[in-house]
Amino acid sequence: MDDRFNTIAGWTLFGGIVALGLSSLSAHYYGANKPERPETMGYAIEGVEAEGGAGAAAVLPIANRLATGDVAKGEAIFAKCKACHTIDQGAANGIGPNLWATVGEAAAVGKGGFAFSDALKAKAAKWDFATLDEWLTNPKKFADGTKMSFAGIANPQERADVILYLNSKGSNLPLPAPEAVPAAGAAPAAGAAAAPVVGDAAAGEKIFAKCKACHTIEAGQPNGIGPNLAGIAGEKVAGDRGGFQFSDALKAKGGVWDDATLDTWLTGPAKFAAGTKMTFAGLPDAKQRADVIAYLKTKK
């Protein structure tokens with residue numbers, strides 16, 4: 001009986017040792033105890049972000065990328081666009097519109113009667129450098145419902161190169177000055193300007209609804225409690241608005257209603273020009289101000 005028990009116990013112990021050894025061997029073989037994921041996964045796992053995604057480099061402002069861009073590279077990249085677009089002056093529209101002198105133009109207008117989508121028309125945008133950069137990043141995200149099937153250009157510098165090339169074809173607008181950008185990993189310097197906020201004209205139109213109690217916005221409409229604001233962007237501060245009587249405080253400011261001045265004004269009119277007749281307290285949200293400015297710029 002004892003011999004039989006010892007035999008069974010011996011085999012049981014031996015089996016346990018073998019199982020333990022195989023477990024250790026397989027762990028080393030398959031890397032089950034490795035603290036890091038393999039460089040190349042065997043299959044995709046939904047909901048798991050690729051390593052390094054959170055630490056991706058910040059995109060430089062478009063002005064900075066234009067300053068270091070290359071027109072020749074932009075022309076080479078544009079080759080993929082030629083399946084749908086022509087670019088030379090006088091060339092006919094293709095699947096997409098001819099793009100001669102596009103930089104600086106209003107979006108979704110002209111172009112030899114090209115039939116633009118309602119989605120793009122509704123944006124009421126202008127093809128300035130920042131807007132083109134946003135469009136080329138993801139056309140469908142820029143105007144949901146656009147006919148443009150191109151997925152976009154993910155590389156920020158390639159987008160800048162293409163925009164430089166487009167600008168060279170009939171527009172030749174002066175490039176914006178590069179912005180001060182802190183070095184990678186460094187905290188922004190005290191008083192350093194934040195990256196500009198890109199406005200959405202459609203959102204700005206909704207915000208502007210509260211302004212209609214005092215202002216008209218369509219060309220040719222009369223002044224109200226405040227002046228008519230059609231075409232105000234880029235005009236002289238307190239200039240001729242159909243004879244509207246501006247306050248002496250605003251007249252004394254001088255300058256023009258560029259983006260920066262409009263933003264300062266909309267932040268706090270009374271602070272901008274102490275003594276102004278404007279009773280509106282202002283818009284503390286920077287994105288809302290940018291949206292309103294984008295809307296004002298569409299109203300010529």
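A salt bridge is a side-chain nitrogen of Lys or Arg within 4 Å of a carboxyl oxygen of Asp or Glu. The model is predicted: local features need pLDDT of at least 70, side-chain atom pairs count only at pLDDT 80 or more, and totals for chains, interfaces and linings use all residues. Residues are numbered from 1 along each chain as its sequence is written, and side-chain values use heavy atoms, with hydrogens and water left out.

**Exercise 1. Find the salt bridge of D88 and describe both partners.**

Step 1. Identify the partner. D88 pairs with K169, and their closest N and O atoms are 3.0 Å apart.

Step 2. Place the two residues. D88 sits in the loop between α3 and α4 (118-123), K169 in the loop between α7 and α8 (201-208). They are 81 residues apart, so the pair links distant parts of the chain. Helices here are DSSP runs (H or I, at least four residues), numbered from the N terminus.

Step 3. Check burial. Buried means under 20% relative accessible area, exposed over 50%, partly exposed in between (1.4 Å probe, protein chains only). D88 has 43%, so D88 is partly exposed. K169 has 17%, so K169 is buried.

**Exercise 2. Work through the salt bridge between K299 and E218.**

Step 1. Take the distance. The closest N and O atoms of K299 and E218 are 2.9 Å apart.

Step 2. Locate the ends. K299 lies in the segment after α12 (286-296), E218 in the loop between α8 and α9 (248-251). The pair therefore ties together parts 81 residues apart in sequence.

Step 3. Classify each end. K299 is buried at 17%. E218 is partly exposed at 35%.

**Exercise 3. Do likewise for D259 and K297, then give the total.**

Step 1. The D259 and K297 side chains meet at 3.2 Å, N to O.

Step 2. D259 belongs to helix α10 (residues 259-267) and K297 to the segment after α12, so this salt bridge ties together parts 38 residues apart in sequence.

Step 3. D259 is partly exposed at 40%. K297 is partly exposed too, at 30%.

Step 4. The count of salt bridges is 10. R65, D133 and R159 are linked in a network of them.

**Exercise 4. Test the length of helix α7 and describe its surroundings.**

Step 1. Compute the expected span, which is 1.5 Å times one less than the number of residues. For the 13 residues of α7 (residues 156-168) that gives 18 Å.

Step 2. Compare. The end C-alpha atoms are 19 Å apart, which agrees.

Step 3. List buried residues. Among them are R159, V162, I163, L164 and L166.

Step 4. Find what they pack against. The buried residues of α7 pack against α2 (62-67), α3 (71-78) and α5 (129-137).

Step 5. Inspect the ends. N155 caps the N-terminal end, with a side-chain oxygen 2.9 Å from the backbone nitrogen of Q157. Just after α7, G170 takes a positive phi of about 95°.

**Exercise 5. Decide how many disulfides the model holds.**

Step 1. Apply the rule: a disulfide is a pair of cysteine sulfur atoms within 2.5 Å. The count is 0.

Step 2. Check C81. Its nearest cysteine sulfur, that of C84, is 8.5 Å away. C81 is buried at 18%.

Step 3. Check C211. The nearest cysteine sulfur belongs to C214, 8.4 Å away. C211 is buried at 19%.

Key. Helix = DSSP H or I, 4+ residues; strand = E, 2+ residues; numbered from the N terminus. Contact = heavy atoms within 4.5 Å. Polar contact = N/O pair within 3.5 Å; in protein donor to acceptor, adjacent residues only side chain to side chain.
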